[in-house]
Amino acid sequence: MIEKRYSILCVCLGNICRSPVAEALLQKQIEQVELLKGIIVDSAGTSGLHAGELPDPRTRKNALQHGIELTHRSRQIIEQDFFTADLILAMDSQNLKELRKLKPVDSTARIQLFTDYDPRKSDGVPDPYYQSEKAFEEVFKICERCSVELVKELISQQNIY
Ligand code: 4NP
């Protein structure tokens, strides 16, 4: 029997600043919990503007300062993702809007804002692309908080996947 594994897809616009950080942090958190081993985490962009590229140098620098090396290559979300992913996490409300436009009518994925899991109730992960280095640190911090909360939720709902 082939057992389908629970799959999470993090999505932003370019898949080079926010969603690769969310992906890496979720992956790191999940790896630390035996019960959750096997959950698949990936990321994608609503656009293909940076397809094939490594994360933005500022994103990689910031993540490295936290001991995380980002190796994901940007890719645009495809129709199949709406069926293979169980949970699609939009980084901001614009990404969420775009995902709702892109999703096939029979999509099986649950789509929500990543920051629904932020205990500090931030309203989306702000796009840092045209901002200073400080914005990249803020992205990291928000993604870290949301990942911790989501992992707690996954542990408590462990019987759903
Ligand atoms: P991301 O950030 O959606 O977090 O990857 C951006 C990356 C690229 C652009 C905008 C936002 N861009 O305009 O190229």
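Q: What kind of unit do β3, α4 and β4 make?
A: In this predicted model, β3, α4 and β4 make a β-α-β unit that is right-handed. The name follows from the path, because a crossover counts as right-handed if that path, taken from the first strand over the helix to the second with the strands pointing away from the viewer, runs clockwise. The two strands of the unit, β3 and β4 (residues 110-113), pair in the parallel sense over 4 bridges.

Q: What makes β3 and β4 count as paired strands?
A: Two strands pair if at least two bridges are found between them, and β3 and β4 have 4 bridges, so the criterion is met. Among the facing residues, leucine 87 stands opposite arginine 110 in β4, and leucine 89 stands opposite glutamine 112 in β4.

Q: How do you know that strand β1 pairs with β3?
A: The same reasoning applies on this side, because at least two bridges are needed and 4 bridges join β1 (residues 7-12) to β3, the two strands running parallel. Isoleucine 8 stands opposite leucine 87 in β3, while valine 11 has alanine 90 of β3 as its bridge partner.

Q: Why are β2 and β4 said to stand at the edges of the sheet?
A: The open sheet has 4 strands in the order β2-β1-β3-β4, with parallel pairing. β2 (40-45) and β4 each have a single partner strand, so one side of each is left without a neighbour in the sheet. Neighbouring strands of this sheet are turned by 25° against each other on average, direction ignored.

Q: What makes both faces of strand β3 covered?
A: In β3 (residues 87-90), Leu87 and Leu89 on one side and Ile88 and Ala90 on the other are all buried, a term that stands for a relative accessible area under 20%.

Q: Why is aspartate 118 called buried?
A: Aspartate 118, which lies in the loop between β4 and α5, has a relative accessible area of 1%; since buried means under 20%, the residue is counted as buried. Aspartate 118 and leucine 35 are 83 residues apart in sequence, and their C-alpha atoms are 22 Å apart in space.

Q: Why are helices α1 and α5 called oblique to each other?
A: Helix α1 (residues 19-31) and α5 pack at an angle of about 40°, with their axes 9 Å apart. Angles under 35 degrees would count as roughly parallel and those from 65 to 115 as roughly perpendicular, and the angle of about 40° falls in neither range, so α1 and α5 are oblique to each other. In this packing, α1 passes α5 in a right-handed crossing.

Q: How do you know that lysine 141 and glutamate 137 form a salt bridge?
A: The closest N and O atoms of lysine 141 and glutamate 137 are 2.5 Å apart, and because the cut-off is within 4 Å, the pair qualifies as a salt bridge. Both residues lie in helix α5 (residues 133-156), 4 residues apart, about one turn of the helix. Lysine 141, with a relative accessible area of 34%, is partly exposed, and glutamate 137 at 26% is also counted as partly exposed.

Q: Why is lysine 101 called exposed, and glutamate 98 partly exposed?
A: Exposed means over 50% relative accessible area, buried means under 20%, and partly exposed lies in between. Lysine 101 stands at 61% and therefore counts as exposed, whereas glutamate 98 has 23% and is therefore partly exposed. Lysine 101 and glutamate 98 form a salt bridge with their closest N and O atoms 3.6 Å apart, and both lie in helix α4 (residues 93-102), 3 residues apart, about one turn of the helix.

Q: What makes the contact between glutamate 34 and lysine 37 a salt bridge?
A: The side chains of glutamate 34 and lysine 37 meet at 3.1 Å, N to O, and since the cut-off is within 4 Å, the contact is a salt bridge. Glutamate 34 is exposed, and so is lysine 37. The structure holds 10 salt bridges, and Asp42, Arg75 and Asp81 are linked in a network of such bridges.

How values were computed. Residues numbered from 1 in each chain as written. Predicted model: local features only at pLDDT ≥ 70, side-chain atom pairs only at ≥ 80, totals over all residues. Heavy atoms only, no water. Buried < 20%, exposed > 50% of the residue type's maximum accessible area, 1.4 Å probe, protein only. Axes fitted to C-alpha atoms, helices over the stretch in contact; angles between N-to-C directions. Parallel < 35°, antiparallel > 145°, perpendicular 65-115°, else oblique. Left-handed = near helix turned anticlockwise from the far one by under 90°.
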